Amino acid sequence: MCGIVGYIGYKKTKEILLDGLSELEYRGYDSAGIAVLQNHTFSIFKTVGKLVNLKQKTKSYHPEGFAVGIGHTRWATHGKPTELNAHPHLGENSYVVHNGIIENYVPLKHELQQKGVKFLSQTDTEVIVWLFESELKSSSTPFEAFKKTLSRLKGSYAILLVSKSREDTIFFAKGGSPLILGINNADEKYFASSDAPLISHCKDVVYLEDGDFGYVTPSEITLIGANGIQKMPSFKVLATDKLSAQKDGYRFFMEKEIYEQSDVIADTLLGRLKDTHIAFEELDKDFFKGINEIKLCACGTSYHCALAASYLFERYAKIKVSVEIASEFRYKKPLLFKDMLFIAISQSGETADTLESLKMAKNAGLKTLTVCNVDNSSMVRQSDAAIFTRAGIEKGVASTKAFATQMAVFWMLSIYLADKKHSLQKDEIQKHISLLREVPACVKVDEEMHEKITRLSKRYLHGHGFFYIGRDIFYPLALEGALKLKEISYLHAEGYPSGEMKHGPIALADPELFTIALLPNHMLYEKTKSNVEELSARDSTICVISPQQFKKADDFIQTKQTSHYMLEFFEMMVATQLLALEIAVRLGHDIDMPRNLAKSVTVE
Ligand code: F6R
């Protein structure tokens, strides 16, 4: 989704801004721009499409010496991806970049139009800079004008604003969208909407809080908190491990991340699997005391993990679980009780709907836990406790290893809770611990299987759609398999519980309907097999993923014989990821940055 960078200093401003934007590229965008203020003059460049276009456009621009610059990658929400709608947006003498959505931009725009302002773009963002210009006329300082501007905005934002009215300054504000300020010893200041652009430049960073605003100059940081009182910036050392991901010889980040799953799951398990029990240092020993119900809340792939986790919690920890899609939960006026534990699941920790749901749960007095891949993310900072999935940075927009590590965490957490609640015997707990130790080996990509999937993929490039089917915990995996395919191949795919086919979906069955059937040995094999046979009888083209040969299938991807359905789950997860990847490769799509998608969805 949209990305922000900012810089004040004496180094190569253009390169710093463009490199910073490149680091944010994987998050998804459809236009980009930079504005540099130097010697009383703004230089501004904007392009539609990928950053190479912006790099090309700025090829002969080389600002030397002190400069103030801001840059942005835009993922269109209000107005099409055009140059005019790309950020930074100009007022009279100032430029702004903004992530988030200004919800009251329509009345603000009318008000400003009545004062004679002519808007160039269709965006909500442009009102910010014009409000600032308007407030400037009646304010004693540019900072006062900035403050007044912020007081008029409703919605979510991370904002950087530069103005000729105060040339050596970047004004900043955070309200709901992430923004980080970084410093080093060279009187430079950096801003970014996530860690990655800061890594090579700063050691010390401030993760701004909601309501924070202020300004920086080369020698000064003025930071005001949500209560309107000036505060000291609280610096943290920027963690640099695993952040600068490279493709390492793989064709795509997504492919590399599928192959990495074995290593990152080993990290997820590290120190948590003891001989006789499971340990989460992040949770104090009474964390689950007084909890009678768990509410799991997430979006997209993380929601599929939540659904899968609900099977594990109920089966092993014998606790009531409900699962919520965050964008629905926020507005349904849910019944919340103090004996519920609210668990937010998020790779990024910044997804707007999940973050707001977490805040709602917190305000209702619920205990909160976030299962997250990003240290210091907004959700981690908001919740009572956080468990890190330790997947490392995930660059492919289609989530793979983040999902895999979330699943490993929830398998462990369900057994951890089962142990606390004595709902499993000690020997059963030990059995799960041994099985969990097998996961890294089980998700190691089997080259033969990958080759087979590559060969098969050519038969699945047309047709009128895909059904991914499975039962029990393989149903959320079917949903996830279908989502992976949709995201990168742009083919229509749906996940279904296999028992549901005869209640409607089977009407679509014909040879041009492709069914991907998840048929594990250790979970309702016979039941699922009958459902697959029903589809086969209606001549649907069927690809079975199973350890057991299945005669009525057109195609067959063989997984290993294992001793437990969860090991089958992890292996089938890899098979569905590779199938989506190879189909999309044959269709010639952008695997790591599929159209219309963003890595971190910071607008609702
Ligand atoms: C799909 C995918 C998305 C995310 C969703 C939530 O591959 O990545 O569906 O899972 O946008 O994101 P997080 O987990 O960051 O909250």
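This is a short dialogue on reading a helix pair and a pocket in a predicted model.

Colleague: What should I know about the model before we start?

Modeller: It's predicted, so local features need pLDDT of at least 70 and side-chain atom pairs count only at pLDDT 80 or more, while totals for chains, interfaces and linings use all residues. Residues are numbered from 1 along each chain as its sequence is written, and side-chain values use heavy atoms, with hydrogens and water left out.

Colleague: At what angle do α8 and α15 pack?

Modeller: Angles run from 0 to 180 degrees between N-to-C directions, with axes fitted to C-alpha atoms over the stretch in contact. Helices are DSSP runs (H or I, at least four residues), numbered from the N terminus. Here α8 (residues 300–317) and α15 (residues 474–489) pack at about 170°, axes 8 Å apart. The two are therefore roughly antiparallel (over 145 degrees).

Colleague: Which residues meet there?

Modeller: Contact means heavy atoms within 4.5 Å. From α8, G300, T301, H304, L307, A308 and Y311 meet Y475, P476, L479, E480, L483 and K484 of α15.

Colleague: And the second largest pocket: which residues lie nearest its centre?

Modeller: A pocket is an open set of points on a 1 Å grid over the protein atoms alone, where a 1.4 Å probe fits, with protein on both sides within 12 Å along at least five of seven lines; lining residues have an atom within 4 Å of a point. This one has 30 lining residues, with C299, G300, T301, E487 and V601 nearest the centre.

Colleague: Which element gives the largest share of that lining?

Modeller: That's α8, with five residues. Helix α15 is also among the elements that each supply at least two.

Definitions and conventions:
Angles under 35 degrees count as roughly parallel, over 145 as roughly antiparallel, 65 to 115 as roughly perpendicular and the rest as oblique.
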